[in-house]
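Let's look at how a few helices in this model pack against one another. Have the structure open and follow along.

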Amino acid sequence: MEAAIILVFVIGYLAITLEHNLKIDKLIPALVMMAICWALIALGLESFPNWFDSARHSLVEGFAGFAPEEKMHLMEETLLHHLGKTAEILVFLLGAMTIVEIIDYFDGFSTIKDFVKTKKKTKILWLFGFLAFVLSAIIDNLTATIVLISILQKIVKDREIRIWYAGLIIIAANAGGAWSPIGDVTTTMLWIGKKVSTGHLMGYLLLPSFVCMAVPTFIASFLPIFKGDLEIEQVEEKKKSKYSAIMLYLGLGAIVFVPIFKTVTHLPPYVGMMLSLGIVAVFAEVYSNSKFSISNADSTESDSHAHHSPVHHSLSKIELPSILFFLGILMAVAAMESLGILFGFAESLKDGMPLLGTELHHEGVSDLVMILLGVGSAVIDNVPLVAASLGMFSEPMDNELWHFVAFSAGTGGSMLIIGSAAGVVAMGMEKIDFFWYLKKISWLALVGFLLGCATFMVTRTWF
């Protein structure tokens, strides 16, 4: 039965990876894979020799000798445990996405466009690189990429130049998301899973992440495509709400407040995110009632709620397919973890991989394993990779292994355009060709990733 579950997982995984070829949204195989894996577990519970207790992070002793009722009860408890941990992540993401949509409702991100005061290509490259690096740490790398590419589309006429900028934005956004607990889904998973704390994550990864962003940007600034001045497209400015800047800074500040709330109260992050959402929603409702009219083109929607409630409007804009995908993939990985499969795989990694450099911890997981994890995240979605690492390793909170996992999984995906959420959304927005990115951008991302890893290995002894 274990072989059947692994086969279902592999087939589902391939379907997710080949989403664009199969033209099937990745949430579909993720949900089907999750349901079938747990169904097979329930049907074959009698035949499994091992069971992994995720709450205690250890194999259950004598599981094979348990009575059928005890096994079923343990499976139900484990399923409920994983659903609870997954729900924490999903509720957190729902809150963050809603705040971002409320900011966009008031056209708050147009304020960022005012920062572009130059026509020099290299200066604009560095400006957008820094913006992506900082914004992704606050509003997550996916949202930062959408915002910055949307701004690029408004000011850069030449698509050939624009997709170069987009490629470097992907690298910078993924690097920026790695050093913040709210910058990427994977770091959020590690943070909520109590594997990393905000202070240590920023301490360990800020410099490596900056190197990962700055080195490719520095190299690219010498390329012929970025020589000279940029022809800025003059577009007619739409009337902007007087509350745009206020809502931008309020929304970003509310998201940044969440780690502070967690540190002070020790409550799960989603509680702080709900508080932040409530505060932002109050201001949004007050400003909306003061006769603010939506300036976006979709302001003519027939839904009356959109005109009277920015919160209802923002909730309708949330990308629910992503939420369902995370539910499916995290619960599918949880099924593999519960059978002890990931635990066994971790042990084989520790025993079979040659050590490279300094050991990360007493059990001997090598730096090479962590680097390969980053390379793997370019091919395979980094969410299940990190979910798998949570089941494979049992190191305590803020062990340097978890910070290396966060960096590798967060930045390694930049090496292929399908390797990260930021890359996939940029691919869709600008219709960037997979092989164009592989030829033009991937080598820059690889250089940045390897130098970032080297920086981490040198600086980790500081903490």
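Start with helix α6 (residues 121-139) and helix α10 (residues 198-220): their axes come within 10 Å and cross at roughly 160°. That makes α6 roughly antiparallel to α10 (angles over 145 degrees get that label, under 35 count as roughly parallel, 65 to 115 as roughly perpendicular and the rest as oblique). Axes here are lines fitted to C-alpha atoms, for helices over the stretch in contact, with angles from 0 to 180 degrees between N-to-C directions. Helices are DSSP runs (H or I, at least four residues), numbered from the N terminus.

A quick word on the source: this is a predicted model, where local features need pLDDT of at least 70, side-chain atom pairs count only at pLDDT 80 or more, and totals for chains, interfaces and linings use all residues. Residues are numbered from 1 along each chain as its sequence is written, and side-chain values use heavy atoms, leaving out hydrogens and water.

Who touches whom? On the α6 side you'll find Leu125, Trp126, Gly129, Phe130 and Phe133, and they meet α10 residues including Leu206, Phe210 and Met213. Contact means heavy atoms within 4.5 Å. By class, this contact has ten nonpolar, three polar and no charged residues (Ala, Val, Leu, Ile, Met, Phe, Trp, Tyr, Cys and Pro are nonpolar, Asp, Glu, Lys and Arg charged, and the others, Gly among them, polar).

Helix α6 also packs against helix α7 (residues 141-155). Phe128, Leu131 and Ile139 are among the α6 residues in that contact, with Val147, Leu148 and Ile151 among those of α7. Its classes are eleven nonpolar, three polar and no charged.

Here are the crossings, with a third pair added:

| Helices | Axes come within | Crossing angle |
|---|---|---|
| α6 and α10 | 10 Å | roughly 160° |
| α6 and α7 | 7 Å | roughly 145° |
| α4 and α14 | 8 Å | roughly 115° |

In that third pair, Thr98, Glu101, Ile102 and Tyr105 of α4 meet α14 residues including Pro310 and Lys317. This contact divides into five nonpolar, three polar and two charged residues.

How far does α4 reach? Its 38 residues span 54 Å from first C-alpha to last, close to the 56 Å expected at 1.5 Å a residue. Just after α4, Asp107 takes a positive phi of about 55°.

Definitions and conventions
Helix = DSSP H or I, 4+ residues; strand = E, 2+ residues; numbered from the N terminus. Expected span 1.5 Å × (residues − 1).
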